[in-house]
Amino acid sequence: MRNYFTLDGVSSADFNTWIASSTMFDAPERDVEAIEVPGRNGNIIYDNGRFRNFEASVYCYIPKGMQTYVNALRNWLLSEASYCRYEDTIHPDEYRTARYTGAFELEESDRVGASIKLGFDCKPQRWLKSGDVLRAYSSGSVLYNPTRFEALPLIICTGSGTIVLNDTEITITGNTGEIYIDCDLQDAYLGSTNKNNMITSDFPKLSPGGNTLTYDGVTDVQIQPRWWTI
């Protein structure tokens, strides 16, 4: 089976371009500082609580029709400057957020085929596709985080009341319809309508392992957990 990647929903297979090897799913560097203190042996490590972006290379080949596909491939990759969803068939259960940075290097080529090195700037998370699933939960449910990292969920519910996720309580007042509570953006909204004035809360996180959900007053509680790993 030939492996290929998709970027923003477009497949490299459309350009007869296939993956030979890749560093796309290597691990990023943790953002820490080593601080030297005069008169004290060793360093003090300060953790900035995040991971850095990293540069990845995808080595591809075009087995035939090189002259037909190379320009189309180049134009496709260079047409988008922002971060996009990157998936490949080597890691079917995960995806990354990445942007193509170039350069577009032909490693080897002849009249028929070519080998190409593609460069990407990647955000550190390996997102699990299972974490994109939006599910309805009853009060008393336990959400199990399968990773070692805290996730920042999207919570959707209807009406006013309270939602408690682990030890974090969200109080919703004055709301009659749906409300979206985005724990990553730290924002509450419905479409383009801002609803931050209707909630009182720290935004909850889903810790590794079991996370208990209870709620009262609100109905139709749905959660997209957004699991990720490194």
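## Group meeting: strands, sheets and rings in a predicted model

Let me start with one residue: Asn166 lies in the loop between β15 and β16, the latter covering residues 168–172. Asn166 is not a glycine, and still has a positive phi of about 60°. Is Asn166 buried, partly exposed or exposed? Its relative accessibility is 29%, so Asn166 counts as partly exposed. Before I go on, please keep in mind that this is a predicted model.

There is another residue of this kind. Arg226 also has a positive phi of about 60° without being a glycine. You will find Arg226 in the loop between β22 (219–224) and β23 (228–229). Here the relative accessibility is 16%, so Arg226 counts as buried.

Now let's step back to the whole chain. What does its secondary structure come to? The count is one helix and 23 strands. For the overall dimensions, the radius of gyration is 22 Å, whereas the globule rule gives 17 Å for 230 residues; the chain is well over that value and therefore more spread out than a compact globule. Taken along the principal axes, the box that the C-alpha atoms fill is roughly 70 × 60 × 30 Å. Of the 230 residues, 41% count as buried. The chain exposes about 12400 Å², and carbon and sulfur atoms supply 45% of that area. If you like contact statistics, take the contacts with a separation of 6 or more: 68% of them come from residues 24 or more positions apart.

Back to the loop of Asn166, and the sheet around it. Strands β15 and β16 both belong to an open sheet of five strands, with the order β13-β21-β15-β16-β20 and antiparallel pairing. At the edges of that sheet we have β13 (142–145) and β20 (199–200), each pairing on one side only. Inside the order, β15 (residues 161–165) runs antiparallel to β21 (residues 209–216), and four bridges join them. If you want a residue pair to click on, take Ile163, whose bridge partner in β21 is Tyr215.

The strand before the loop of Arg226 takes us to another sheet. β22 is part of an open sheet of six strands, ordered β12-β22-β14-β17-β18-β19, again with antiparallel pairing. Why do β12 (135–136) and β19 (193–194) each have one side without a neighbour in the sheet? They stand at the edges and each has a single partner strand, so one side of each is left free of a neighbour. Between them in the order, β14 (residues 154–158) and β17 (residues 178–182) pair in the antiparallel sense through five bridges. Ile156 has Tyr180, in β17, as its bridge partner.

Tyr180 is a handy way into the aromatics. A search of the whole structure turns up ten aromatic pairs. One of them is edge-to-face: Tyr4 and Trp18, at 6.2 Å centre to centre and 80° between the planes. That pair links distant parts of the chain, with Tyr4 in the segment before β1 (5–7), Trp18 in strand β3 (residues 18–22), and their positions 14 residues apart. How do the two compare in accessibility? Tyr4, at 28% relative accessibility, counts as partly exposed, while Trp18, at 13%, counts as buried. Tyr180, for its part, forms a stacked pair with Tyr189, at 5.7 Å centre to centre and 20° between the planes. Tyr180 is partly exposed, with a relative accessible area of 23%.

The rings also group together. Phe5, Phe15, Trp76, Tyr86, Tyr100 and Phe120 form one aromatic cluster. And for those of you who enjoy cation–ring geometry, have a look at Tyr83. Which charged ends sit over the ring of Tyr83? The charged end of Arg99 is there, 5.9 Å from the ring centre, and so is the charged end of Lys123, at 4.7 Å.

One last stop, a hairpin. Strands β4 (residues 30–36) and β5 (residues 43–51) pair in the antiparallel sense over six bridges. Val32 stands opposite Asp47 in β5. The hairpin has six residues between the strands, and among the residues of this hairpin Gly39 takes a positive phi near 80°. Asn166, where we began, has a positive phi too, without being a glycine.

Key. Residues are numbered from 1 along each chain as its sequence is written. This is a predicted model: local features need pLDDT of at least 70, side-chain atom pairs count only at pLDDT 80 or more; totals for chains, interfaces and linings use all residues. Side-chain values use heavy atoms; hydrogens and water are left out. Rings of Phe, Tyr and Trp (its six-membered ring) pair if their centres lie within 6.5 Å; planes under 30 degrees apart count as stacked, over 60 as edge-to-face and the rest as tilted. Helices (H or I, at least four residues) and strands (E, at least two) are DSSP runs, numbered from the N terminus. Buried means under 20% relative accessible area, exposed over 50%, partly exposed in between (1.4 Å probe, protein chains only). A charge sits over a ring if NZ of Lys or CZ of Arg is within 6 Å of the ring centre and within 35 degrees of the ring normal. Two strands pair if DSSP finds at least two bridges between them. The radius of gyration is taken over C-alpha atoms; the globule rule is 2.2 Å times the number of residues to the power 0.38. Contact means heavy atoms within 4.5 Å. Accessible areas come from the Shrake-Rupley method with a 1.4 Å probe; for residues, only the protein chains shown count as cover.
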